[in-house]
Amino acid sequence: MNSEGLNRIKEAGLKLTPQRREVYEAMMQLRHATVEDIIERVQSRNKEVTLSTIYRILDSFCAANILSFIYHPDTGKCYYDITVAEHHHLFDGTSIEDYADTELSQLIRTYLESKHFTEEEIAKIQVQVTLKKNV
Ligand SMILES: [Zn+2]
């Protein structure tokens, strides 16, 4: 695993256990993954890592802002996302692509501010673009 990943776990104040390493490594490869995808990937490498351990690690990673999650607009499935910085998504069938565009985020922020959309500060803008299915 690259040191960037290791550092994110340590910086969050979590001990770098072999199991946490396995889960993070799986996410580094998968980028966006359902819990089933992660379980399959982790257990194909190490059968000793139990389901409850994987669930616990995913919860702690989300709480520590090491992972984020998104819902697929078509399937309603929840995906863990290795990228926590503000970014957008392009959904093409079952595939999910990241779309990073700070200009788009800023445009929406400015627009919403001009409409006095909320008194609160906007924490995150996430645009979901779904491509038309070719039937
Ligand atoms: Zn993403």
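User: What makes β1 and β3 count as paired strands?

Analyst: In this predicted model, 2 bridges join β1 to β3, residues 78-81. Pairing needs at least two bridges, so the criterion is met. The two strands run antiparallel. His 32 has Asp 81 of β3 as its bridge partner.

User: Why are β1 and β2 called edge strands?

Analyst: The open sheet of 3 strands has the order β1-β3-β2, with antiparallel pairing. β1 (32-33) and β2 (68-71) each pair on one side only.

User: What is the pairing in the sheet with the order β5-β4-β6?

Analyst: The pairing is mixed in this open sheet of 3 strands. Its edge strands are β5 (95-99) and β6 (128-130). From one strand to the next, the twist averages 20 degrees.

User: How do you know that β4 and β6 pair, and in which sense?

Analyst: β4, residues 88-92, and β6 share 3 bridges. The requirement is at least two, so they pair. The sense is parallel. Leu 90 has Val 129 in β6 as its bridge partner.

User: Why are α2 and α3 called oblique?

Analyst: Helix α2 (residues 18-30) and helix α3 (residues 35-45) pack at an angle of about 120 degrees. Roughly perpendicular covers 65 to 115 degrees, and roughly antiparallel starts over 145. The angle fits neither class, so the two helices are oblique to each other. Their axes lie 9 Å apart, and α2 passes α3 in a right-handed crossing.

User: Which residues make the contact between α2 and α3?

Analyst: α2 contributes Glu 22, Val 23, Ala 26, Met 27 and Leu 30. α3 contributes Asp 37, Ile 38, Arg 41, Val 42 and Arg 45. The contact residues divide into 6 nonpolar, no polar and 4 charged.

User: What is the sign of phi at Arg 31, and why is Arg 31 called partly exposed?

Analyst: Phi of Arg 31 is positive, near 65 degrees, in a residue other than glycine. Most residues other than glycine have a negative phi. Arg 31 sits in the loop between α2 and β1. Arg 31 has 14 C-beta neighbours inside 10 Å. Exposed needs 12 or fewer and buried needs 20 or more, so a count in between is partly exposed.

User: What makes His 116 count as buried or exposed?

Analyst: His 116 has 7 C-beta neighbours inside 10 Å. The cut-off for exposed is 12 or fewer, so His 116 counts as exposed. The residue lies in the loop between α5 (102-114) and β6. Phi of His 116 is near 50 degrees, also a positive value in a residue other than glycine.

Methods: Residues are numbered from 1 along each chain as its sequence is written. This is a predicted model: local features need pLDDT of at least 70, side-chain atom pairs count only at pLDDT 80 or more; totals for chains, interfaces and linings use all residues. Helices (H or I, at least four residues) and strands (E, at least two) are DSSP runs, numbered from the N terminus. Axes are lines fitted to C-alpha atoms, for helices over the stretch in contact, and angles run from 0 to 180 degrees between N-to-C directions. Angles under 35 degrees count as roughly parallel, over 145 as roughly antiparallel, 65 to 115 as roughly perpendicular and the rest as oblique. A crossing is left-handed if the near helix is turned anticlockwise from the far one by less than a right angle, and right-handed if clockwise. Two residues are in contact if their C-beta atoms, placed from the backbone, lie within 7 Å. Ala, Val, Leu, Ile, Met, Phe, Trp, Tyr, Cys and Pro count as nonpolar, Asp, Glu, Lys and Arg as charged, and the others, Gly among them, as polar.
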